[in-house]
Amino acid sequence: MIYRRFITKKLGQLLLERKIINKQQLERALELQKAEGGFLSQCLIRLRAATEADIAGCLSSQYGFPYLPLKNYIIDPRIIKIIPAAMARQFDVIPIDKINDLLTIVMVDP
């Protein structure tokens with residue numbers, strides 16, 4: 001099953017609406033992104049305008065994926081081997097669970 005959801009709001013807009021960042025912080029992050037590249041989320045974190053948890057919460061609601069902090073999650077080493085290491089690095093994903101034919105993955109930035 002492939003899950004797709006129409007994205008109606010950009011990350012910056014969601015962060016503004018939730019009052020996590022202000023317009024000036026968003027503008028600075030967009031300037032940094034333009035100058036150095038990378039994801040807007042990474043720029044906001046580098047500028048300390050938002051935390052990883054703030055970003056994860058917004059991305060979770062934006063894409064309709066659950067937010068799963070992995071701090072206390074134990075991953076079976078056999079599950080990790082399902083996705084080749086090069087592919088996991090390319091797409092910034094980690095398989096964390098498998099039930100029958102359903103593989104659950106986590107991703108750095110959807």
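In which loop is K19 found? Select K19 and you will see that it sits in the loop between α1 and α2, where helices are DSSP runs of H or I with at least four residues, strands are runs of E with at least two, and both are numbered from the N terminus. Before going further, note that this is a predicted model, in which local features need pLDDT of at least 70 and side-chain atom pairs count only at pLDDT 80 or more, while totals for chains, interfaces and linings use all residues. Residues are numbered from 1 along each chain as its sequence is written, and side-chain values use heavy atoms, with hydrogens and water left out.

**The whole chain**

Show the full chain as a cartoon, and you should find six helices and two strands, which follow one another along the sequence as α-α-α-α-α-α-β-β. Its C-alpha atoms fill a box of roughly 45 × 25 × 25 Å, taken along the principal axes. With the surface displayed, the accessible area comes to about 8500 Å², of which 56% belongs to carbon and sulfur atoms; such areas come from the Shrake-Rupley method with a 1.4 Å probe, and for residues only the protein chains shown count as cover. Of the 110 residues in the chain, 25% are buried, a word that here means under 20% relative accessible area, whereas exposed means over 50% and partly exposed lies in between (1.4 Å probe, protein chains only).

**Two loop residues with positive phi**

Return to K19, whose phi is near 60°, a positive value in a residue other than glycine. K19 counts as exposed because its relative accessibility is 72%. Next select N100, which is found in the loop between β1 (93-99) and β2 (102-107) and has a positive phi of about 55° although it is not a glycine. At 63% relative accessibility, N100 also counts as exposed.

**The nonpolar core**

Now select L11, L15, I21, L44 and I55, which touch the most other members of the largest nonpolar core, a set of 15 residues. A nonpolar core is a set of buried Ala, Val, Leu, Ile, Met, Phe, Trp, Tyr and Cys residues joined through side-chain atoms within 4.5 Å. Colour α1 (11-17), α2 (23-36), α3 (40-46) and α4 separately, and note that each of them supplies at least two residues of this core. In soluble globular proteins, nonpolar side chains tend to be buried together.

Centre the view on L44, which, not counting residues up to four places away in sequence, touches L15, I21, Q25, A29, A49, A50 and I55; contact means heavy atoms within 4.5 Å. One of these partners, Q25, is found in helix α2 and is buried, with a relative accessible area of 19%. Leaving aside neighbours within four places in sequence, Q25 is in contact with I20, L44 and A49.

Then move to L47, in the loop between α3 and α4, which is partly exposed, with a relative accessible area of 38%. Again leaving aside neighbours within four places in sequence, L47 is in contact with R28, A29 and L32. L47 and A29 are 18 residues apart in sequence, yet 7.1 Å apart in space, C-alpha to C-alpha.

**The cysteines**

Select C43 and C58 together, and ask how many disulfides a search of the whole structure finds. The search finds zero, where a disulfide is a pair of cysteine sulfur atoms within 2.5 Å. C43 is in no disulfide, the nearest cysteine sulfur, that of C58, being 16 Å away, which is too far for a bond. C43 counts as buried because its relative accessibility is 4%, and C58 is buried as well, with a relative accessible area of 0%.

**Along helix α4**

Finish on helix α4 (residues 52-63), which contains Y63. Y63 counts as partly exposed because its relative accessibility is 24%. Display T8 beside it: Y63 and T8 are 55 residues apart in sequence and 9.8 Å apart in space, C-alpha to C-alpha. S61 also has its place in helix α4 and is partly exposed, with a relative accessible area of 31%. To end the tour, measure from S61 to F91, which lie 30 residues apart in sequence and 20 Å apart in space, C-alpha to C-alpha.
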